[in-house]
Amino acid sequence: MLEGAVLLLALVGLGLSAACLDARLGGAQVGAPFGEVARLLVQQRRRTLLRDTLLLRIGVISLIVAPVLAGIVIPLGDAPVADLAVGIVWFNAMEVCVWGSLWLTGWAVNSVYPLAGAYRLVAQGLAYELPHMFALITVALGAGSLRMGDAVQAQQGLWFVVWMPIAFLIYLVSALAMAFWGPMSQPVGTDLAGGVRAELSGPDRLLFQAGRYALLVVAAAAAVPLFLGGGAGPVLPSWLWVLVKTAAVLGLLVWVRHRVPAIRMDRFTQASWLVLIPLSLVQLLVVGIVVL
Amino acid sequence: MTLQSFLLLGAALFAVGLYGALSQQSIVMLMMGLELMINGLIVAGGAFWYFLAPETADGQVLVLVAITVMALEMAMGFAVVTALFRAREVDLTDEAKDLKG
Amino acid sequence: MVVTEWLLKRAADHPRPFVVSAEHGTRARLLGEAEIARRRWRPAEPASEADLLVICGTPGEEFEAAIRTVWDDLPGPRARVDLPSDATPPSIGQALNRAVAHLADKDAQWRDAAARAGKPWSPDADRNSDSHTPDGGSSHHGHDSHASHGQEHDDDGHEGGHHEHHMGNPGGLPMAGRGPDRDGLSLDRLHVSIGPILSDWPRGLVVESVLQGDVIQDAAVRWLGSGESFWAEPWNKAAAGHPVTRAEAGRRQAAAYLDSLGRLLSVSGWSGAARRARALRDRLLADAPRAELAAPYRSFERQVRRSRTLRWMLRDVGSIEDGDAVSRLDGWLTRTRAAIDALEDETPLDGAPPVRHTLHPGLLVGGELATARLIIASLDPEPAVAHA
Amino acid sequence: MAVAFWILAVVSVAAGIVVFVVDSMARATFALLASLLAVGAAFLLIDLEYLGVLIILMMVMEMLIMAVFMIMYMMNPAGLMPMKMVHNNRGAVIISGAVFVLLTAGIFLTSWPQRRGEPPADPTRELGMAIMGSKMLVMMVIGVAILATMISTVVLATHRGRYDRYGEDLKRRRPLDPGPGQGPGLPAAEHHHGHGSCGSPDPREESG
């Protein structure tokens, strides 16, 4: 119960900080996200012809539920909310559920650009998912377990980021992709007038944006038990270390958004399949040999 | 929760899927029926493992195979639809009747 | 009620403006964008995100209809600002202040919402806005009805792959027809007008496209309104006999390149670099001396040139006789630097203004929307330039 | 537990029926997904955590791909024009009803053997050990099947090969994919876009 409250608090706090940092880096006032929340709370809904309201509601609500469910297996300090034996696969599955949310949102509003954004999302998902899975499997192989807690335990001596750096880099790329953020933000790209979210307004848009930031936070937070030794660190208590490390990864992800242009999937897919997948397999092989 | 209740679920899913596979004209819908049938098999496989022989992993392997078959079935299905569609703009089973041997 | 009022005020502190440049609106747009950047408001990227619609210049009839569509679809609270072609920085500031006050005015917004709720909403049959094309949007819901695929229709031939028997029209919309696509399949065709109200989009451009999925299968280009004389103004003045220095023309030209760069970078999804380009453009137009501009421009140029991702994404995009998008980007960067370096050249101007690209619709055919946007942004085309 | 199971079972079967009832193909796809997800969740109840989560993971991806194909090939994917696209509806109902009755009878009439042993502490480990040990052959066959499917689906579905992409001597540095100004993959007679002067030459001219 307590862990659940902490998880929600951390999601809200870190999400808002990420939004504020993003506004700051984007040249706006730091408080802009709060103004945006106020604006969306009082905003009316947009209307489009023949929209599928049921699917739209499912899409938008599941977009915020999925990252919370993904977050329950991430240890905040010592223990996660739910210590599943297959936590790493669970995390992966919940993050894939987001594809469904976005697809539903893009489809249900019945408009050209959101649907094109949804197409892009599927292309992006298929491009990043395999290297991403291999990166997660590499961690599981190193830990000898699919439990997040075991992965942290296995890093007592040496953090995984040190001896599986390629997997970590691939994880960071896929973290951007799973939160459709920064260079991987084509599904909600400016060139599509906002893509999937183009027709959302008011409460729908608020939930959508909140879900997106929650995803970003969860993607950053999962890097901590997977690669950065969980709560390990001197002096500070472990929960604080988790927080600090999460904030650092989160800051990096937000910063990248302002430094790198968006990556188109027709080009990235080829790079992903011809470069990232072989690289991740080599990393897997190296870790496999070391573990043996 | 008994073996019977799980198998009943599996049988119900299988029957619904069978109805779909037999009655739907559109190939995509037909494949949805097949998916549901395999879904029923998966339920049965998992139930057999848990309620009859949890010591060996046979049931689990069966489920794993069924999941893979589901994915392969879909991949093949869509490849065939694409080829058919390219050749003659057909996406209904009835229109491909002449493929009958 | 109190809460609503408080939220409205907070929201009005952080408005999301969307700037539309209509005919003769380039000057007002640049001043408006500079003022918005100075106030550190976050521009709305798609118009649908905005609560402040800023119209620059004097839209013609068709343009005004497109604006009205966007405005009708804009959820409240909302405010519209019109900046005439001869707007000055103080008048723009006042107009924006009024708009913000209107946004925070509960009673006014309430009346607006009540007036809208009163009249039944119907999607316009002929829309020309960006994300407001429910007609286009819904036609992906299928081609014809079942019957047209049945045996009885097979005899009358395939008429080039089209089946446009409008058997029924849900929501008053025709069903989409089919046509051959680039991969040898025959898929639904969706007729969508891209533009004229889009962010980072050439003023007045409408691309009438036929989409299959997100691939443009056919395109036609239309311009609302004629060419704009703002960027060619120094040359026009010189041609009319007024004394104009090379520095003045170079300043205008460098600002034009930076404006184009800002669009290209923004469409490439690199808002950070786009913002730098626009900040430099605004300082150029505010008559900042060369010493203040050269160093920041060099740093900006270095950043853009060093981005390998940008090159990877722009390579082979929109290849025409003078190269692809990368070479056009490089050309803009080089010429901007030359123009900034020559900002103290007081010799009189001669010659003609640099020719801007035109947009050949064939360039867009076969590309996805993303590529098409990049091609258009990398050309930053104009209709035939109006010389005085 | 039992309550959770029955809820999931009802959801699963109801969603399965909804698949063939709704007009909207999008709703049908996601009803199927709901049915599959309910089964995945039910697996969590019987200690099959890994397989349950795996079903969730794979089925979401599968259904999304299905949704794309659905939009490509279906008429009327949103079901805006209600229509029945079935053949032999009565026969199908009778056959599937009979199958269900038979299966149910079998389920309740068979005397199932007693349970042998208890579920292991970590069924996932057991599964891993099995597929890397005694069931290795099954997995190898499946691996070959996957490979064969991948190759045959690509062969079936695409009409462009590497000679189209890299030229007849495979010497082109960057592949020539369909795109603006790069000559679509259609025979020239089928498309009249009236643009001759843009971009790189037609692939056929270059390779000839």
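**Figure 1. Residues at the packing of H4(A) against H3(D) in the predicted model.** From helix H4 of chain A, the contributing residues are Val89(A), Trp90(A), Asn92(A), Ala93(A), Val96(A), Cys97(A), Trp99(A), Gly100(A) and Trp103(A). They meet Tyr50(D), Val53(D), Leu54(D), Ile56(D), Leu57(D), Val60(D), Met61(D), Leu64(D) and Ala67(D) of helix H3 of chain D. Sorted by class, the contact of H4(A) with H3(D) comprises 16 nonpolar and 2 polar residues, and no charged ones. H4(A) covers residues 87–108 and H3(D) residues 49–73; their axes are 9 Å apart and pack at an angle of about 25°. Angles under 35 degrees count as roughly parallel, and H4(A) and H3(D) are therefore roughly parallel to each other. Their crossing is left-handed.

**Figure 2. The contact between chain A and chain D.** Each chain is represented by 20 residues: 20 from chain A and 20 from chain D. On the side of chain A that touches chain D, at least two residues each are supplied by H4 and by helix H5 (112–143) of chain A. H4(A) provides the largest share of that side, 11 residues. By class, the side of chain A that touches chain D divides into 17 nonpolar residues, 2 polar and 1 charged.

**Figure 3. The contact between chain B and chain D.** Here 59 residues of chain B are in contact with 68 residues of chain D. Three helices of chain B, H1 (3–23), H2 (27–51) and H3 (58–88), are the elements that give two or more residues to the side touching chain D. Among these helices, H3(B) gives the most, with 20 residues. The side of chain B that touches chain D consists of 41 nonpolar, 13 polar and 5 charged residues.

**Figure 4. Annotated transmembrane regions of chain A.** An unreviewed UniProt entry places the feature "transmembrane region" at residues 54–76, 88–113, 125–146, 158–181, 213–232, 238–256 and 268–291 of chain A. For residues 54–76 of chain A, the end C-alpha atoms lie 35 Å apart, and the span is 78% helix and 0% strand. For residues 268–291 of chain A, the end C-alpha atoms lie 32 Å apart, and the span is 100% helix and 0% strand.

**Figure 5. The parallel sheet S1-S2-S3 of chain C and its helices.** This open sheet contains 3 strands in the order S1-S2-S3, with parallel pairing. Strand S1 (17–21) and strand S3 (79–83) of chain C are at the edges, each with a single partner strand, so one side of each has no neighbour in the sheet. From one strand to the next the twist averages 20°. Strand S2 (residues 52–56) of chain C pairs with S3(C) in the parallel sense over 5 bridges, and Val54(C) stands opposite Val81(C) in S3(C). Helix H2 (residues 26–38) of chain C lies across S1, S2 and S3, running at about 165° to S1(C). Helix H4 (residues 89–104) of chain C lies across S2 and S3, running at about 170° to S3(C).

**Figure 6. The antiparallel sheet S6-S7-S8 of chain C.** The 3 strands of this open sheet follow the order S6-S7-S8, and the pairing is antiparallel. Strand S6 (190–194) and strand S8 (215–223) of chain C stand at the edges with a single partner strand each, so one side of each lacks a neighbour in the sheet. The twist averages 20° from one strand to the next. S6(C) is joined by 5 bridges to strand S7 (residues 205–212) of chain C, and the two run antiparallel. Ser193(C) has Glu208(C) as its bridge partner in S7(C).

Conventions. Residues numbered from 1 in each chain as written. Chains lettered and ligands numbered in written order. Predicted model: local features only at pLDDT ≥ 70, side-chain atom pairs only at ≥ 80, totals over all residues. UniProt positions renumbered as here; feature names shortened; annotations may be inferred. Helix = DSSP H or I, 4+ residues; strand = E, 2+ residues; numbered from the N terminus. Pairing = 2+ DSSP bridges. Axes fitted to C-alpha atoms, helices over the stretch in contact; angles between N-to-C directions. Parallel < 35°, antiparallel > 145°, perpendicular 65-115°, else oblique. Left-handed = near helix turned anticlockwise from the far one by under 90°. Contact = placed C-beta atoms within 7 Å. Nonpolar A, V, L, I, M, F, W, Y, C, P; charged D, E, K, R; others polar.
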